[in-house]
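Let's explore a protein model together, one question at a time. Take a look at the structure first, and then we'll work through it.

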Amino acid sequence: MAKLEGQGERWRKLDNTAKLFPAIANEGLSNVYRISAVLKEEVVPGILQRALEEILPQFEGFSVRLHKGFFWYYFETNHRMPVIEREEEYPCKYIDPHNTQLFLFRLSYFGKRINLEVFHAITDGLGAVQFLKAVVYRYLDLKADERTGHRAPQRISSDVSMNVEDSYVRNYTRKKGKSYSSRKAYALKGPKLPPGEENILHGYLPMEQVKRVCKEKKVSVTKLLAASLIWSVYEEYVKGNPGKEPIGISLPINLRKYFGSQTMSNFFAVTLLRVATDQGEITFDGILAQISRQMDEQITKEKLEETISYNVSNEKKWYLRAAPLFLKFGVLNLIFWRNDKAYTMTLSNIGPIQLVKEYENQVERFQMMIGVSPRQPMKCGVCAYRQEIAVTFTSVFADTRLQDRFFGFLKTLGIDSTLESNGIPDKRDDKGTYPVVIQDPKKWKTLVHIFYGVLLSAAVVLGIINYVTYSGSLWSVIAIGCILYCGLTVKFSIVRTANLAHKLLIQTLAAQALLVAVDYATGYDGWSVNYCIPSTILFADIAVIFLILFNRLNWQSYFMYQIAITVFSFIPLILWAGGWITRPVMAVATVCVTAALLAGTIVLGDRSVKTELKRRFHL
């Protein structure tokens, strides 16, 4: 076998926080956020594509795809090139890597706005800002080149960092860690938009007015906004009906400035701000005092070191490291959902975004928004640029009662706001800066569900007919087995966009189950286990070998399936030992051939195969 190379010759582990996101991400919990740059002129798509193509190779943290190992996920180099697209969907939707050239981000445009949407596994908000700034710089340079006819040299400003170290591990010190609260917080409720729709509302605040109020109150901008948000939740939802559940705000903290890190990977910690609602009179000044005290006490280097210690020490526990990934899935989801109930909503303030002076006047503003989740149907993102603070609410509620209360309260403090929406749920603050989403992604899913319903109904009817007319023949077992196989084919081989090896493995297992069902329904002679199961395993293994040979730039995607099929090939031997197989010749031959092919792949595949084994099974 010739040397295998191409995609993924370089790989790296996920940082401590990133390990959580692939385990919990789905269409309902995307873990995607957006940073947008609004320019002074309409975006030219061709120039933006060129800017991305020139900048991306310099950012190792973004030039990756996600792969599943036996113990952990890992990143490997992705040499493809993503294609920018005109914004046509609601923001912060789940990123399906098969639709983005396997990248974990997407770059889109609409009007004057450039949008960078990022899956949280590759970086946090500050890392995304660095990448977007580099793209914007290059875009503006290339646009200037077209005007002047000169080719400006490509450059990355000194204010853009590109290293991808795991700063959690680097700053880990063994000490008593600070665990996360799991006490249930107040949950926002109300009428929701149709599935898939999203309510976006920006509020642009004059920096001068915000700073004046902060100076009067002797607090920071984040403290003021967090207290105002909690006060608005209390006034709009809780007042007059206090309960035992406190209002809890999840506040991400950028750790870089506390530990001197310049990493582009995730490096943040989450602080819980909590206000009880059942203890006497509640006033805004009282909430502000509580929030100010909590932030002063919790956001210190010593406390943040405790959080890092808790997170990293859990990752280092031998029994967690040794657990297969599918078991970690369950544990990580359990931990996430237990901790997530402690928050009413998230407020993320990434602070001021600064550009090199020569580009400042070409960018009007920046925006930040966060994808919602089932437990947090509304979230709030904040960023600042020059003399403006942009506060953005993302929500699935069919009203803007909390947002209106929040901006209305700021008005009473002397802070004006200019509002801009995406036209959902009404056109009140719609400035035409978002696309009108007319496609219905649910139609295809509805058709598929109808198809499954028809298959299920047919299976039930055939079973009933066979039962009523039973005369010693279980013909319905064969028919129902074929129906199940058809449904599985649609679900895993047509609807899903997995690679061919994954589809082949699923189809092989389904075919084996169908053959055993047919054998059983016709009196069971044992031909299915003696010959068919070993033969399908052998066919699948040879097919994967051909996929490796003919897709050598992407061979890593198939190698784990070859290992899985080799493991499955030992199942017939187990059946033989249990007395299920009476003619073991085919079973023994299958084990010998699959094991020999795997050994040949490892021996002849050069160093790249050994590297692939190392990253697939890294602890």
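Q: This is a predicted model. Which strands does helix α3 lie across, and at about what angle does it run to β2?
A: Start by finding helix α3, which covers residues 125-148. Follow it over the strands and you will meet β2, β6, β7 and β12. Its direction compared with that of β2 gives an angle of about 30°.

Q: In what order do the five strands of the open sheet come, and which are the edge strands?
A: The pairing in this sheet is mixed. In general, strands of a sheet pair through backbone hydrogen bonds, either parallel or antiparallel. The order here is β5-β6-β7-β2-β12. An edge strand pairs on one side only, and that picks out β5 and β12.

Q: In which sense do β2 and β7 pair, and which residue in β7 is the bridge partner of Val32?
A: Strand β2 spans residues 32-39 and β7 spans residues 113-119. They pair in the antiparallel sense, over seven bridges. For Val32, the bridge partner in β7 is Phe119.

Q: Which strands does helix α2 touch, and what angle does its direction make with that of β6?
A: Helix α2, made of residues 45-55, packs on the sheet. There it touches β6 and β7. Its direction and that of β6 make an angle of about 155°.

Q: How far apart are the closest N and O atoms of Glu87 and Arg113, and are these residues buried or exposed?
A: Side chains of opposite charge can pair when their charged atoms come close. Glu87 sits in the loop between β5 and β6 while Arg113 is in strand β7, 26 residues apart. Their salt bridge has its closest N and O atoms 2.7 Å apart. As for their setting, Glu87 and Arg113 are both buried.

Q: Which residues are joined into one network by salt bridges that share partners?
A: A search of the whole structure finds 25 salt bridges. Some of them share partners, and following these leads to one network. Its members are Arg34, Glu87, Arg106, Arg113 and Glu117.

Q: Lys223 forms a salt bridge with Asp296; how many residues apart in sequence are the parts that this pair ties together?
A: The closest N and O atoms of this pair are 2.7 Å apart. Lys223 is buried at 11% relative accessible area, whereas Asp296 is partly exposed at 47%. Because Lys223 lies in helix α6 and Asp296 in helix α8, the pair ties together parts of the chain whose separation in sequence is 73 residues.

Q: Is Ser292 buried or exposed, and which residues is it in contact with beyond its neighbours within four places in sequence?
A: Ser292 is in helix α8, residues 284-298. Its relative accessible area is 14%, so it counts as buried, under the 20% cut-off. Leaving aside those sequence neighbours, Ser292 is in contact with Val219 and Lys223.

Q: What is the relative accessible area of Cys92, and what is that of Lys218?
A: Cys92 has a positive phi of about 60° although it is not a glycine, and Lys218 has a positive phi near 60°. Cys92 lies in the loop between β5 and β6, and Lys218 in the loop between α5 and α6. Cys92 is buried at 5%, while Lys218 is exposed at 74%.

Q: Which residue is joined to Pro425 by a cis peptide bond, and what is omega?
A: Look in the loop between β15 and α14 to find Pro425. The cis bond joins it to Ile424, with omega about 5°.

Terms used. Residues are numbered from 1 along each chain as its sequence is written. This is a predicted model: local features need pLDDT of at least 70, side-chain atom pairs count only at pLDDT 80 or more; totals for chains, interfaces and linings use all residues. Side-chain values use heavy atoms; hydrogens and water are left out. Helices (H or I, at least four residues) and strands (E, at least two) are DSSP runs, numbered from the N terminus. Buried means under 20% relative accessible area, exposed over 50%, partly exposed in between (1.4 Å probe, protein chains only). Two strands pair if DSSP finds at least two bridges between them. Contact means heavy atoms within 4.5 Å. Axes are lines fitted to C-alpha atoms, for helices over the stretch in contact, and angles run from 0 to 180 degrees between N-to-C directions. A salt bridge is a side-chain nitrogen of Lys or Arg within 4 Å of a carboxyl oxygen of Asp or Glu.
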